[in-house]
Amino acid sequence: MTQTFMPEIKTEEELKQLQLEGLKWTVRHAYEGSSVYRKKLEDAGVGPEDIESLGDLRRLPFTTAQDLQEGYPFPLLSVPLEKVVRIHASSGTTGKRKVLCYTQKDIDDWTHFFARCYEMAEITKEDRVQIAVGYGIWTAGVGFQLACEKFGAMAIPAGPGNLDMQCQFLVDFGSTVMCCTASMGLLMAEEVNRRGLRDKIKLKKMIFGSERSSEAMRRRIKELLGLEHMFDIPGMTELYGPGTGLECIYHTGIHYWADYYILEILDPETLEPVPEGETGEMVVTTLRKEAVPLIRYRTRDLSRLIPGKCPCGSILPRHDRILGRSDDMIIFRAVNIYPGQIDHVLSGIEGIGSEYQIILERRKDGKDYMILKVERDEGRASSMDADLMRKVKEEIKKQIMVSAEVQIVSYGELPRSERKSKRVFDNRDL
Ligand code: ZN
C-alpha cells in the first residue's frame, strides 16, 4: 500500500464523530491543564461533562489574541513545561508577542498534516522542494522542512531572499517545487526570465505561504515560469503554523484538516454563524493540540466555507482563500470594504498588472476619497489608459458600490517586496 497522510475516515458521520471526541478531549484537557482556561470555562458556566454533541461547541467561550498576550511568555499552557519541546512566536508588530508552545506530539501532528499538504498538491518522492521561506522563531520554515522529509521528497532548505542563489539552485539542483511568498514568487519569475533561465529549470509547482496573493500576480507568475500548479498554504502560529490545509489540483478552494480542528465562520460583530457560503471571521477549535489547545479562537481572518463536494472526492471540507483581516476592514463612506474584494475586482479586468495600491484621503470638503493606483500590464500602450481607467472605475462601482478615482501607472512602478507588500494607505485623520 502506498503511504498516505490523508485521514482514514470515509464518511461525514465518521468525521463528526471524530470531531466530537476531539472536542470532548480538548475541553477536558484545557480545563484540567490550564487555570486560565478553567476560569474562562467556569465563567461561561460550562464544564467538560457538558460537551455531549458538536452543537455544544457554541456554549464554549471565545479565546482571543489578547488571551495569548496576557499570558506572556507561555500563554494558555495546558501541559507541564517539561513536556514542551519547542516554541514559536509571532513577530507581533503591536503589543506583546504571541508565543506558542509545542509538545513532541504537537510537532508530530503538525508534521503529519503538513505532509498531507504535499500529498494534496500531488507532489511525489521524486520531487525536489526548494524551501525559500524563513527559518527561525518567527517563521515556520522548519514546518515545511520536517514535513517534506517525512513525506519523502528532497528538501532544499534555501531560506528566503538571495535571488542569485535561488536561481542557481533552480538550475543546479533541478528543483521542481518552490515554497515562498507570492511576492517572492513574482520576483523569482521576473528574475528567471531576465536571465533567460526558463529553459534551464524544471520548476512545476509553487506553494505560497504567509501572504494573500492576488489573482493577477498568480497569473503572471504562472505565465512567466510555465508552472502547472500554484497553491496558497494557509496557517498561523496559534494553530501550529502553516500547513493547516491546501487546495487540491482542481483549485476549488482550500481543503482544511477538519480532523485536526473545527472551523466556524462567524459574523465578527454578532459572533453568530453566517449562512453557509458567506464571508465571516474564521474561528478555530483544535481537536488534538496538547501544549496550547485553542477553544473558539478568533483568528480575525476572513473567509467563507465552500458548499458542496469537490470534484476530487475528498471528505475534507473547503474554505476560500483568506479574503482579508477583520482588522484590515476599511470603512469608506459607510461601506465595509476588505482589500481582498478590491483585489478580486481587479483580477477580473484584462490589461492591468499585478500590483495595486489603495489610498484613502479626507479632503477639504470633509468627504473621504479613495484613489486606486493600478499598474498597466507589461507591454501595454499607455494610449489605452483612459479606457482602462473607466473600466476599473465601473467595475469597482458595480461590485463594491463605492466610487474610486483611478490612476494607471507603468508596469513595475509600484514597489515589490520579498515579504508582504503594503497596499492600503489610509491617510485620513480618523
Ligand atoms: Zn478537492
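These notebook entries record what I looked up in the structure, which is a predicted model.

**Entry 1: the zinc site**

I began with the zinc ion and asked which atoms coordinate it. I found four donors: Cys 248 (SG), His 255 (NE2), Cys 310 (SG) and Cys 312 (SG), at 2.1 to 2.3 Å. I then looked up the angles that these four donor atoms subtend and noted 103 to 116°, which makes the arrangement tetrahedral. For reference, I noted that the ideal angle for four tetrahedral donors is 109.5 degrees. Along the sequence, I read the spacing of the donor residues as C-x6-H-x54-C-x1-C. I also looked up the accessibility of two of the donors, and both Cys 248 and His 255 are buried.

**Entry 2: the sheet with E10 and E11**

I next traced an open sheet of four strands, whose order is E10-E11-E16-E15 and whose pairing is antiparallel. I recorded strand E10 (245-247) and strand E15 (305-306) as the edge strands, since each pairs on one side only. Between E10 and strand E11 (residues 254-256) I found three bridges, in the antiparallel sense. Within that pair, Glu 247 stands opposite Ile 254 of E11.

**Entry 3: Asp 320**

I located Asp 320 in the loop that runs from strand E16 (318-319) to strand E17 (324-325). Is Asp 320 buried or exposed? Its relative accessibility is 19%, and buried means under 20%, so I entered Asp 320 as buried. Leaving aside residues up to four places away in sequence, I listed its contacts as Ile 254, Ser 303, Arg 304 and Ile 306.

**Entry 4: the sheet with E12 and E17**

I followed a second open sheet, in which four strands take the order E12-E13-E14-E17 with antiparallel pairing. Its edge strands are strand E12 (261-266) and E17, each of which pairs on one side only. Strand E14 (residues 297-303) is joined to E17 by two bridges, and I identified Gly 324 in E17 as the bridge partner of Leu 302.

**Entry 5: two residues with positive phi**

I checked Leu 271, which lies in the loop between E12 and strand E13 (280-286). Its phi is near 60°, a positive value in a residue other than glycine. I noted Leu 271 as partly exposed, because its relative accessibility is 23%. Arg 296 also caught my attention: this residue lies in the loop between E13 and E14 and has a positive phi of about 45° although it is not a glycine. With a relative accessible area of 3%, Arg 296 is buried.

**Entry 6: strands E1 and E2**

I turned to strand E2 (residues 99-103), where five of its five residues are buried. I sorted them by face: Val 99, Cys 101 and Thr 103 are on one side, with Leu 100 and Tyr 102 on the other. Strand E1 (residues 84-89) pairs with E2 in the antiparallel sense over five bridges, and I saw that Val 84 stands opposite Thr 103. In the loop between helix H3 (65-70) and E1 I found Pro 73. The peptide bond joining Tyr 72 and Pro 73 is cis, with omega about 5°.

**Entry 7: helices H4 and H5**

Finally, I looked up how helix H4 (residues 104-120) packs with helix H5 (residues 141-151): the angle is about 70° and the axes are 8 Å apart. That angle makes H4 roughly perpendicular to H5. Among the contact residues I noted Trp 110, Phe 114 and Tyr 118 of H4, and Phe 144, Leu 146 and Phe 151 of H5.

How values were computed:
Residues numbered from 1 in each chain as written. Predicted model: local features only at pLDDT ≥ 70, side-chain atom pairs only at ≥ 80, totals over all residues. Heavy atoms only, no water. Buried < 20%, exposed > 50% of the residue type's maximum accessible area, 1.4 Å probe, protein only. Contact = heavy atoms within 4.5 Å. Donors = N, O, S within 2.8 Å, 3.2 Å for Na, K, Ca; no water. Tetrahedral: all angles 85-135°; square planar, octahedral: opposite > 155°, others 65-115°. Pairing = 2+ DSSP bridges. Axes fitted to C-alpha atoms, helices over the stretch in contact; angles between N-to-C directions. Parallel < 35°, antiparallel > 145°, perpendicular 65-115°, else oblique.
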